[in-house]
Amino acid sequence: MGAPIDPARSVAEATQGNLPPTPPAERLAAWADRLRALPDPQTRLAHLVEAARCLPPLPEGDRQEAHRVTGCLVRTWWIAQWRDGRCWFRTDSDAMTLKCLAGAIAELASGGTPDEVAALEFGVFAALGLLRQLAENRRRTVRQLMDGTREFARRCACQAPAPGH
């Protein structure tokens, strides 16, 4: 069994070659398939936490109050950006469980078109048992980020030029 894909690397590699990244739904499906190979939800979350420990923190300049996730008991930042016709997301948290799950949402959705991101079905997080490993407040935060990701994409879709223009 291989390690779960690193969606951040997938997005970065695709954008460096000016190729469109793999659609977010395909990245999400591949990510979920790799995690399903792990024996149980606790092992899956532990694996994601260990991977998140290697992620660089957001630069201090991005750790602003304006980027803080509201309602979260620990400091968690979420930055959504619209550029070059695609949605891009960055995140960080003082809590490793939020850092890994918010990071997964950000990396899986980043680089997608507004329509692709708005259509993402994050139910796989629950199906893999990842959310039930969290305290209720952290589950709410993760769901808030999932909903916010799709809502941001819907707003960006209004700014996107029509196909062929």
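The following exercises, each with a worked solution, treat aromatic pairs, one helix and salt bridges in a predicted model.

Residues are numbered from 1 along each chain as its sequence is written, and side-chain values use heavy atoms, with hydrogens and water left out. Local features need pLDDT of at least 70 and side-chain atom pairs count only at pLDDT 80 or more, while totals for chains, interfaces and linings use all residues.

**Exercise 1. Aromatic pairs**

Classify the aromatic pair of Trp 31 and Phe 125, and state which parts the pair ties together.

Solution.
- Step 1, the criterion: rings of Phe, Tyr and Trp (its six-membered ring) pair if their centres lie within 6.5 Å; planes under 30 degrees apart count as stacked, over 60 as edge-to-face and the rest as tilted.
- Step 2, the total: the structure holds 4 aromatic pairs.
- Step 3, the geometry: the centres of Trp 31 and Phe 125 are 4.9 Å apart and the planes enclose 35 degrees, which is a tilted pair.
- Step 4, the location: helices (H or I, at least four residues) and strands (E, at least two) are DSSP runs, numbered from the N terminus. Because Trp 31 lies in helix 2 (residues 24-36) and Phe 125 in helix 6 (residues 123-127), the pair ties together parts that are 94 residues apart in sequence.
- Step 5, the burial: buried means under 20% relative accessible area, exposed over 50%, and partly exposed in between (1.4 Å probe, protein chains only). Trp 31 is buried at 2%, and Phe 125 is buried at 0%.
- Step 6, the cluster: ring pairs link Trp 31, Phe 122 and Phe 125.

**Exercise 2. Phe 152 and helix 7**

Characterise the pair of Phe 89 and Phe 152, then describe the span and the covering of helix 7.

Solution.
- Step 1: Phe 89 and Phe 152 form an edge-to-face pair, with 5.6 Å from centre to centre and 75 degrees between the planes.
- Step 2: Phe 89 belongs to strand 2 (residues 86-93) and Phe 152 to helix 7 (residues 136-157), so the pair ties together parts that are 63 residues apart in sequence. Both Phe 89 and Phe 152 are buried.
- Step 3: the expected span of a helix is 1.5 Å times one less than its number of residues. Helix 7, with 22 residues, reaches 32 Å from its first C-alpha to its last, close to the expected 32 Å.
- Step 4: the buried residues of helix 7 include Val 142, Leu 145, Met 146 and Phe 152. Among the elements that cover the buried residues of helix 7 are strand 1 (76-83), strand 2, helix 4 (96-109), helix 5 (114-118) and helix 6, where contact means heavy atoms within 4.5 Å.

**Exercise 3. Salt bridges**

Compare the settings of the salt bridges Asp 62 to Arg 90 and Arg 139 to Glu 136.

Solution.
- Step 1: a salt bridge is a side-chain nitrogen of Lys or Arg within 4 Å of a carboxyl oxygen of Asp or Glu. By this rule the count is 13.
- Step 2: in the bridge of Asp 62 with Arg 90, the closest N and O atoms are 2.6 Å apart. Asp 62 lies in the loop between helix 3 (41-52) and strand 1, and Arg 90 in strand 2, so the pair ties together parts that are 28 residues apart in sequence. Asp 62 is buried at 18%, whereas Arg 90 is partly exposed at 29%.
- Step 3: for Arg 139 and Glu 136, the closest N and O atoms are 2.6 Å apart. Being 3 residues apart in helix 7, Arg 139 and Glu 136 are separated by about one helical turn. Arg 139 is buried at 18%, and Glu 136 is partly exposed at 36%.
- Step 4: salt bridges that share partners join Arg 63, Arg 75, Asp 92, Asp 94 and Lys 99 into one network.
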